[in-house]
There are 2 protein chains.
Amino acid sequence: MPVDHDHIRRTPDRIRDRPTWLISRAYARSSALLTAGFEAHGEGLRGYHYRLLAALEQWGPASQADLARDTGIDRSDVTNALTELESRALVTRKVDPDHKRRNIVTLTPQGAETLLELDTVLEKVQEAVLAPLTAAQRRQLVSLLSQLA
Amino acid sequence: MPVDHDHIRRTPDRIRDRPTWLISRAYARSSALLTAGFEAHGEGLRGYHYRLLAALEQWGPASQADLARDTGIDRSDVTNALTELESRALVTRKVDPDHKRRNIVTLTPQGAETLLELDTVLEKVQEAVLAPLTAAQRRQLVSLLSQLA
DNA sequence: CTCCTATGTTGGTCATACCCATATTGGCGA
DNA sequence: TCGCCAATATGGGTATGACCAACATAGGAG
């Protein structure tokens with residue numbers, strides 16, 4: 001056996017309990033799980049796609065600029081993600097006849113179906129991320145994180 | 001005035017209260033503040049550099065592989081970040097005479113000084129991130145996030 | 001009618017986090 | 001002792017999320 005330089009995973013004190021560190025750890029964990037989930041069942045879709053599908057399902061057809069505002073995604077990233085969703089026939093884009101500079105983006109039935117599938121993937125990821133916490137603790141965490149906004 | 005398509009910032013229900021979403025929001029916020037802080041006072045350093053300096057300050061000289069393990073940074077990223085730190089004379093690298101494949105990385109006095117300056121920057125960022133919470137809530141949040149590891 | 005803003009698009013940047021391949025070193029077991 | 005294997009440092013590459021600047025153009029406000 002090699003020497004094993006006492007490889008206990010340790011973290012410098014300066015960093016250990018800093019909220020920004022803990023948040024970045026939690027994010028790394030959750031985004032790794034999300035990526036894995038999308039990879040396994042998501043047909044090459046990512047978080048951006050899910051956010052856009054969710055917004056369309058909830059509020060119906062919208063312009064790209066509105067989608068950008070509702071999802072917090074930059075307009076240019078919305079353009080790219082929509083192009084990918086469109087190529088998979090999950091959404092359609094057509095010019096608004098009343099405002100020709102605008103595209104009206106609409107969820108297709110396949111898009112709605114895909115969203116439901118992704119929901120189950122996402123739900124499993126939530127469970128995996130929160131696994132170490134009790135139900136009460138989970139509620140607390142959600143409440144505290146919500147207030148950081 | 002333009003029409004203002006009732007631009008209230010809203011988030012789809014599917015996403016709003018999902019822990020992974022809240023975590024990613026918190027991360028976006030905190031990393032934006034961190035980037036701004038480093039940009040203002042950090043001489044072009046980033047999170048990776050801070051983590052490495054902190055590990056070196058706490059445990060003294062170490063090999064790059066050990067630094068990678070202690071900071072959770074990928075070995076290849078450690079190599080790159082150390083090259084930048086070395087070019088700023090914040091650390092030194094020299095081959096371990098007993099194990100020639102290893103580099104011994106040592107914090108320089110300037111490195112230690114820079115670390116102290118960054119500490120104050122980081123402290124301010126913590127305060128900004130946690131601003132909406134009471135002291136008790138902050139402790140709760142830290143405790144809950146710690147358990148996610 | 002003119003100006004200004006919103007819109008969609010193109011084409012970049014950056015930080016974090018990974019992965020894989022390679023040369024080299026040196027420990028350990030056969 | 002020797003050969004194999006593990007660890008090390010490095011280089012190159014990918015992905016995701018976030019963000020920014022520039023641009024042409026359509027339309028609304030004045």
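I began at the end of α2(B): the helix is followed by B:Glu43, which has a positive phi near 50°. The model is predicted, and I read every entry below with that in mind.

**Helix α2 of chain B**

I checked the length of α2(B) next. Its 23 residues should span 33 Å at 1.5 Å a residue, and the end C-alpha atoms lie 32 Å apart, so the two values agree. I then listed the buried residues of α2(B): B:Pro19, B:Thr20, B:Trp21, B:Leu22, B:Ile23, B:Ser24, B:Ala26, B:Tyr27, B:Ser30, B:Leu34 and B:Phe38. What covers these buried residues? I found that the cover includes α1, α3 and α6 of chain B, and from chain A α2, α6 (109-130) and α7 (135-148).

**Contact between the chains**

I looked up the contact of chain A with chain B; 47 residues of chain A and 47 residues of chain B take part. On the chain B side, α1 (13-16), α2, α3 (47-59), α4, α6 and α7 (135-148) each give at least two residues. The largest share there is that of α2(B), with twelve residues. By class I noted 22 nonpolar, twelve polar and 13 charged residues on this side of chain B.

I superposed the copies on paper: a turn of 180° with a shift of 0.1 Å along the axis lays chain B on chain A with an RMSD of 0.1 Å. I record this as a two-fold axis, because that is the relation these values describe. The same surface serves both copies, as 100% of the contact residues of chain B recur in chain A.

**Nonpolar core**

The largest nonpolar core has 69 residues. Which of them touch the most other members? I have A:Leu52, A:Leu53, A:Leu56, B:Leu52, B:Leu53 and B:Leu56. The element that gives the most to this core is α2(B), with seven residues. I followed A:Leu56 further: beyond its neighbours within four places in sequence, A:Leu56 is in contact with A:Ala62, A:Val91, A:Val105 and A:Leu107.

**DNA strands**

Around DNA strand C I found 27 residues, the closest being A:Gln64, A:Ala65, A:Ser76, B:Gly47 and B:Lys100. The elements that each supply at least two residues of this surface are α2 (19-41), α4 (64-71) and α5 of chain A, with α3 and α5 of chain B. I sorted the surface near strand C into eight nonpolar, eleven polar and eight charged residues.

Around DNA strand D there are 26 residues, of which A:Gly47, A:Lys100, B:Gln64, B:Ala65 and B:Ser76 come nearest. Here the elements with at least two residues each are α3 (47-59) and α5 (75-87) of chain A, with α2 (19-41), α4 (64-71) and α5 (75-87) of chain B. My class list for strand D reads eight nonpolar, ten polar and eight charged.

**Single residues**

I looked up A:Ala89, in the loop between α5 and β2 (91-95) of chain A. Its phi is positive, near 60°, and the residue is not glycine. Most residues other than glycine have a negative phi. I call A:Ala89 exposed because it has 12 other C-beta atoms within 10 Å. B:Ala89 sits in the loop between α5 and β2 (91-95) of chain B and has a positive phi of about 60°. It too has 12 other C-beta atoms within 10 Å, so B:Ala89 is exposed.

Last, I turned to B:Leu116, in helix α6 (residues 109-130) of chain B. Is B:Leu116 buried or exposed? It counts as exposed because it has 10 C-beta neighbours inside 10 Å. B:Leu116 and B:Ile15 are 101 residues apart along the chain, and their C-alpha atoms are separated by 39 Å.

Key: Residues are numbered from 1 along each chain as its sequence is written. Chains are lettered from A and ligands numbered from 1 in the order in which they are written. This is a predicted model: local features need pLDDT of at least 70, side-chain atom pairs count only at pLDDT 80 or more; totals for chains, interfaces and linings use all residues. A residue is near a molecule or strand if its C-beta atom, placed from the backbone, lies within 6 Å of it. Helices (H or I, at least four residues) and strands (E, at least two) are DSSP runs, numbered from the N terminus. Ala, Val, Leu, Ile, Met, Phe, Trp, Tyr, Cys and Pro count as nonpolar, Asp, Glu, Lys and Arg as charged, and the others, Gly among them, as polar. A residue is buried if 20 or more other C-beta atoms lie within 10 Å of its own, exposed if 12 or fewer, and partly exposed in between; C-beta atoms are placed from the backbone. Two residues are in contact if their C-beta atoms, placed from the backbone, lie within 7 Å. Copies are superposed by least squares on the C-alpha atoms of residues with pLDDT of at least 70 in both. A nonpolar core is a set of buried Ala, Val, Leu, Ile, Met, Phe, Trp, Tyr and Cys residues joined through C-beta atoms within 7 Å. The expected span of a helix is 1.5 Å times one less than its number of residues.
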